[in-house]
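Dear colleague,

Please find below the structure that I am handing over to you, with its sequence. My notes on it follow.

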Amino acid sequence: MAEKMPYTSIERRERVVLQASTEADRATSGLLARLLAMTSDAALAFDGSGHVLLANEEAEELLGQAVKNRISVSSIQDLDVRMLFPPALGHAPKTDFQLSDLPFPVDGSTRRLLCASADSRARELNVRADRVQAPKDTYLLVASIVHDEEAASRERERLLEELSRANRRLSGTLKIVLGTIDATDVATLFTDVLQEISSTLEATGALLYLAESDGFRLYGASEGSNTSQVKHFFAPGKAFEHKLREVGGGLRLRVLDPSREELRRGELKVRELIDEETRETFRVRKSILPPYKSFLLAPVWFGGHIIAAIIVGWEFAKQIRRDDAQLLDAVASYLSVQLAGAVATLRQQRERELTELGNNLRGLILDAGNALEKDELSESMDASAQERQDISDNVCTLMSETLLCSVVPLRPNPLSENGDCLVDLPMHGRRVLPSELLNCHEEKSETSVVAISPTDDLGVWLAAAGEPCQGALIDLGIIGGARRAMLLLRDVEAEPFDELEMSFLRRLAEDTRGAAQVEEAHERDRHISQALQTGMRNELQKVPGVTAAGFYTSATQSAFVGGDFYDLIRLPKDRACVIMGDVSGKGVEAASVSAAVKTALGAYSWEGLSPARMVRLLNEFLIGFTRLETFATLFVGIIDLNRAELSYCSAGHPPAILARAQTGDLSTLDVQSGVVGAFREMEYRNGRVKLFPGDVLLLYTDGTTEARALDGAFFGEAGLREAVMAELPVGFDGLLDRLLARLDEFTDRHLEDDVALVSLRFDKIGRTTSD
């Protein structure tokens with residue numbers, strides 16, 4: 001049989017720790033801990049292997065200080081009891097523990113020992129030790145200084161320290177109470193209170209976590225807390241939540257040092273903790289531990305639920321006093337009502353923040369639609385495309401900053417036939433995202449917002465790529481023939497999107513798809529209206545004896561063709577019909593009404609009807625043609641060259657201008673009637689005027705006279721008359737171009753409405769023409 005190798009001191013210590021933590025009776029350990037805390041003498045408990053199980057503060061000071069001066073330990077707990085006394089003072093024994101190794105008996109009798117004090121001076125102690133009833137061998141040791149004066153001095157110092165500690169705790173508690181009464185500033189609860197708690201308990205730092213539907217989120221930290229090492233979110237049921245519910249009060253916890261084997265393997269993902277109250281040990285993941293060696297954890301209860309948790313910690317290992325835990329429990333109980341109100345306030349603030357974000361995003365989406373409208377009339381298509389890209393970048397930036405996430409748009413992969421996407425990931429750039437990873441997130445609705453977790457297929461793929469692997473997928477479905485979607489990603493250690501944020505994202509997705517559908521309809525209407533306008537091109541037929549010119553320009557601020565139109569139709573017997581109209585609105589409705597009006601008037605003109613009769617019939621037709629509130633202004637004129645006469649009906653249209661060739665005078669055709677298509681019982685009248693050779697008739701739409709300068713002034717009828725008076729003497733040819741040039745100069749090339757102009761010069765009047 002192989003010889004059993006002796007344990008080294010470290011291995012023996014690890015074995016003893018395991019035996020003490022797994023086999024010691026909890027009730028007995030708790031009772032011993034309470035007894036040791038109550039006695040004013042130095043007292044400790046050790047087991048049959050010589051391992052110190054418990055020690056009160058007096059033992060730490062009287063028996064442990066000399067040891068601490070020799071080796072780097074924060075407590076005598078877990079040490080071999082022989083290290084506290086000569087001859088092994090401060091040195092780990094190399095042999096297994098035997099009761100006979102102790103310099104005192106364990107039969108309850110008193111033995112005087114000469115020991116070293118903290119200042120290396122000799123000091124005589126009275127030491128007693130005896131076995132106590134426990135499942136394993138457990139011994140209680142009590143020590144006191146022999147000299148009464150020194151003992152009295154130490155007791156006075158201890159009492160003064162206790163009194164000072166009590167005063168500090170009372171003062172800190174009063175500051176917390178007075179500082180939070182009727183507090184309306186949430187920052188006071190989350191910062192000042194934590195700072196006061198940390199100072200009162202002389203701790204390294206304090207943290208506050210608020211409970212939400214999806215876990216606990218960090219909402220406050222004292223100045224001494226290193227938040228870069230603090231976990232900001234705990235999922236439900238993780239960390240210490242179950243122990244808080246089980247105990248119902250605060251926990252006093254200490255992180256045990258890793259074993260030599262764990263250090264050798266480098267396996268520090270899991271750490272062992274000890275509950276100072278029950279001496280129970282348990283293991284937790286290192287990633288969820290606060291950055292402290294010893295810490296208090298207190299729940300905040302409200303209405304039978306844990307609404308928050310307060311952590312107060314020390315960066316060094318220490319034996320946390322029970323009255324410190326009781327004080328923190330009392331503060332947590334007092335703060336419950338204030339914190340409940342603060343939670344509601346924070347939720348309202350977050351709702352307002354998300355509402356503001358939604359309004360800003362909707363504005364940017366509308367801006368993107370307006371930029372798309374400008375493409376058709378823009379002098380630089382590249383500029384409009386850049387404008388839309390800038391808006392898209394602004395949308396991503398706003399969402400990223402407010403939602404604390406990376407925004408990753410999904411783009412179609414032109415090289416893929418199965419729906420794979422291209423994504424520009426935040427850490428490693430462009431990757432191909434397989435379509436099957438998106439299909440698992442699809443819902444039946446056209447839009448969907450689905451959470452991404454680190455455990456689903458998409459989250460696992462992102463984690464494998466070294467990317468943030470939780471968040472949300474926003475899928476707008478197929479728009480414009482392509483799938484529109486984006487990923488909102490957060491780091492695995494960050495909190496997932498909460499219920500409030502997910503609801504906001506769903507509303508945003510619906511709004512965005514709605515805007516995109518409007519944009520698609522807008523684009524379809526533009527093509528339809530352009531087709532209608534193309535099918536009803538403004539034409540001026542050649543009429544013997546008449547020289548005609550026409551001009552139409554669409555306002556640069558509109559992407560749709562408008563409702564302005566004109567026509568000149570040659571009729572039998574040296575007659576002609578001139579038409580100019582302006583249909584209200586834009587797009588398909590205006591273009592379709594314009595086409596119908598031109599077609600109807602063309603038909604009426606061949607029937608030999610008077611202008612007023614033609615407009616009256618057209619009014620009936622329009623009222624039945626559309627149920628929308630669309631109307632038109634019209635000028636319809638019948639030119640009779642043989643009789644040298646113009647009969648006309650001006651239905652709500654700007655008055656035509658007639659320039660006399662013989663005198664150079666300008667007159668307006670002032671016989672006016674109401675608009676067309678608005679009221680069934682509207683009355684329409686004819687006007688008549690004689691024509692002479694060389695006379696010029698100018699027709700125009702209201703976009704001409706209502707053109708504005710940058711200072712808001714209108715071009716007006718006076719401005720038009722002045723321009724005609726100035727330009728007509730130059731010659732008839734190019735007259736309309738010169739008038740438009742004056743308009744551009746007046747408005748600085750910023751027309752706000754469509755402009756149509758028609759000029760007719762009557763060259764031959766009387767019976768001098770033939771059919």
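Which residues of helix H12 (residues 457-464) are buried? In this predicted model, they are Leu458, Gly459 and Leu462. These residues lie on the same side of H12, because they cover an arc of only 100 degrees around the axis. As a general point, an α-helix has 3.6 residues a turn, so residues three or four places apart point the same way. On the face of H12 turned away from the buried side, one finds the exposed residues Asp457 and Ala464. The N-terminal end of H12 is capped by Asp456, which has a side-chain oxygen 3.3 Å from the backbone nitrogen of Leu458. Just after H12 comes Gly466, with a positive phi of about 75 degrees.

I turn next to the sheets. One open sheet consists of eight strands in the order S8-S7-S6-S13-S12-S9-S10-S11, with antiparallel pairing. Its edge strands are S8 (233-234) and S11 (281-285), each of which pairs on one side only. In general, strands of a sheet pair through backbone hydrogen bonds, either parallel or antiparallel.

Within this sheet, strand S12 deserves a closer description. Seven of the nine residues of S12 are buried, so this strand is largely enclosed by the rest of the structure. Strand S9 (residues 251-255) is joined to S12 (residues 294-302) by four bridges, and the two run antiparallel. Leu251 has Leu297 of S12 as its bridge partner, while Arg254 stands opposite Ser294 of S12. Strand S13 (residues 305-314) is also antiparallel to S12, and nine bridges join the two. Here Leu297 is paired with Ile311 of S13. Leu297 is thus a bridge partner of Leu251 and of Ile311. The hairpin of S12 and S13 has two residues between the strands, and Gly303 in this hairpin takes a positive phi near 60 degrees.

A further open sheet has five strands in the order S21-S31-S30-S26-S27, again with antiparallel pairing. Strands S21 (546-553) and S27 (666-668) stand at the edges; each has a single partner strand, so one side of each is left without a neighbour in the sheet. On average, neighbouring strands of this sheet are turned by 15 degrees against each other, direction ignored. Helix H17 (residues 716-727) packs on the sheet, where it touches S26 (657-659), S27 and S30, and its direction makes about 145 degrees with that of S27. Five bridges join the antiparallel strands S30 (residues 696-700) and S31 (residues 755-762), and Tyr700 stands opposite Leu757 in S31.

Two individual residues complete these notes. Is Ser109, for its part, buried, partly exposed or exposed? This residue of strand S3 (residues 107-116) counts as partly exposed, because its relative accessibility is 30%. The side chain of Ser109 makes a polar contact of 2.6 Å with the side chain of Asp107. Beyond its neighbours within four places in sequence, Ser109 is in contact with Val127, Arg128 and Ala129. Arg128 is 19 residues from Ser109 in sequence, yet their C-alpha atoms are 5.7 Å apart in space.

Thr747 belongs to helix H18 (residues 735-747). With a relative accessibility of 0%, Thr747 counts as buried. Its contacts, leaving aside neighbours within four places in sequence, are with Ala707, Arg708, Ala709 and Leu710.

With kind regards

Terms used
Residues numbered from 1 in each chain as written. Predicted model: local features only at pLDDT ≥ 70, side-chain atom pairs only at ≥ 80, totals over all residues. Heavy atoms only, no water. Buried < 20%, exposed > 50% of the residue type's maximum accessible area, 1.4 Å probe, protein only. Arc of directions from axis to C-beta. Polar contact = N/O pair within 3.5 Å; in protein donor to acceptor, adjacent residues only side chain to side chain. Pairing = 2+ DSSP bridges. Axes fitted to C-alpha atoms, helices over the stretch in contact; angles between N-to-C directions. Contact = heavy atoms within 4.5 Å.
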